[in-house]
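User: Could you walk me through this model before I go back to the bench? I would like the layout first and the details afterwards.

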Amino acid sequence: MVQLNASKVTRWDQHGREHVVRVRRAGVQRIVRCDTCGWRISAQFLPWLKAEEHLAVEHQATVDPAGA
Ligand SMILES: [Zn+2]
């Protein structure tokens, strides 16, 4: 996966709704924020993994549009 300054993780839930978690670089940290519920953390490592985990646990959104 290419690490850009700003990126996002998109997943669909079983109702076909799209959920987006944005990952933004802030120094050595990355700010991870969910568009759907406003959840937000800062993570130094594996922000995309935390984003995917949040989407799966909180929104049951596990379908990767890119992999469909
Ligand atoms: Zn959320």
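Analyst: What follows goes from the overall layout to the core, the helix, the hairpins and some backbone angles. This is a predicted model, in which local features need pLDDT of at least 70 and side-chain atom pairs count only at pLDDT 80 or more, while totals for chains, interfaces and linings use all residues. Residues are numbered from 1 along each chain as its sequence is written.

User: What does the secondary structure of the chain come to?

Analyst: The chain has one helix and five strands, in the order β-β-β-β-α-β along the sequence. Helices (H or I, at least four residues) and strands (E, at least two) are DSSP runs, numbered from the N terminus.

User: And how much of the chain counts as buried?

Analyst: Of its 68 residues, 18% count as buried, where buried stands for 20 or more other C-beta atoms within 10 Å of the residue's own, exposed for 12 or fewer, and partly exposed for anything in between, with C-beta atoms placed from the backbone.

User: Which residues make up the largest nonpolar core?

Analyst: That core has seven residues, namely Val9, Val21, Val23, Val32, Ala51, Leu55 and Ala61; a nonpolar core here is a set of buried Ala, Val, Leu, Ile, Met, Phe, Trp, Tyr and Cys residues joined through C-beta atoms within 7 Å. Strand 2 (18-26) and helix 1 (47-59) each supply at least two residues of this core.

User: Which residues is Leu55 in contact with?

Analyst: Leaving aside neighbours within four places in sequence, Leu55 is in contact with Val9, Arg11, His19, Val21 and Ala61, a contact being two C-beta atoms, placed from the backbone, within 7 Å. Leu55 counts as buried because it has 25 C-beta neighbours inside 10 Å. With the same neighbours within four places left out, Val9 is in contact with Val21, Val23, Trp48, Ala51, Glu52 and Leu55.

User: OK, the helix then. Which residues of helix 1 are buried?

Analyst: In helix 1, Pro47, Ala51, His54 and Leu55 are buried. Seen down the axis of helix 1, the buried residues fall within an arc of 95° (taken from the directions from the helix axis to the C-beta atoms), so they line one face of the helix. The face turned away from the buried side carries the exposed residues Leu49, Glu53 and Val57.

User: Switching to the strands, how many bridges join strand 2 to strand 3?

Analyst: Six bridges join strand 2 to strand 3 (residues 29-34), and these strands run antiparallel; two strands pair if DSSP finds at least two bridges between them. One bridge partnership sets Arg22 against Arg33 in strand 3. The two strands form a hairpin with two residues between them, and Gly27 in the turn has a positive phi of about 70°.

User: How many bridges join strand 3 to strand 4?

Analyst: Strand 3 and strand 4 (residues 40-43) also run antiparallel, joined by four bridges, and Arg30 stands opposite Ala43 in strand 4. Their hairpin has five residues between the strands, with Gly38 at a positive phi near 85°.

User: Which residue that is not a glycine has a positive phi of about 50°?

Analyst: Leu46 does; Leu46 lies in the loop between strand 4 and helix 1 and counts as exposed, because it has 12 C-beta neighbours inside 10 Å. Gln60, another residue other than glycine, has a positive phi near 50° and sits in the loop between helix 1 and strand 5 (61-63). Gln60 is partly exposed, with 14 other C-beta atoms within 10 Å.
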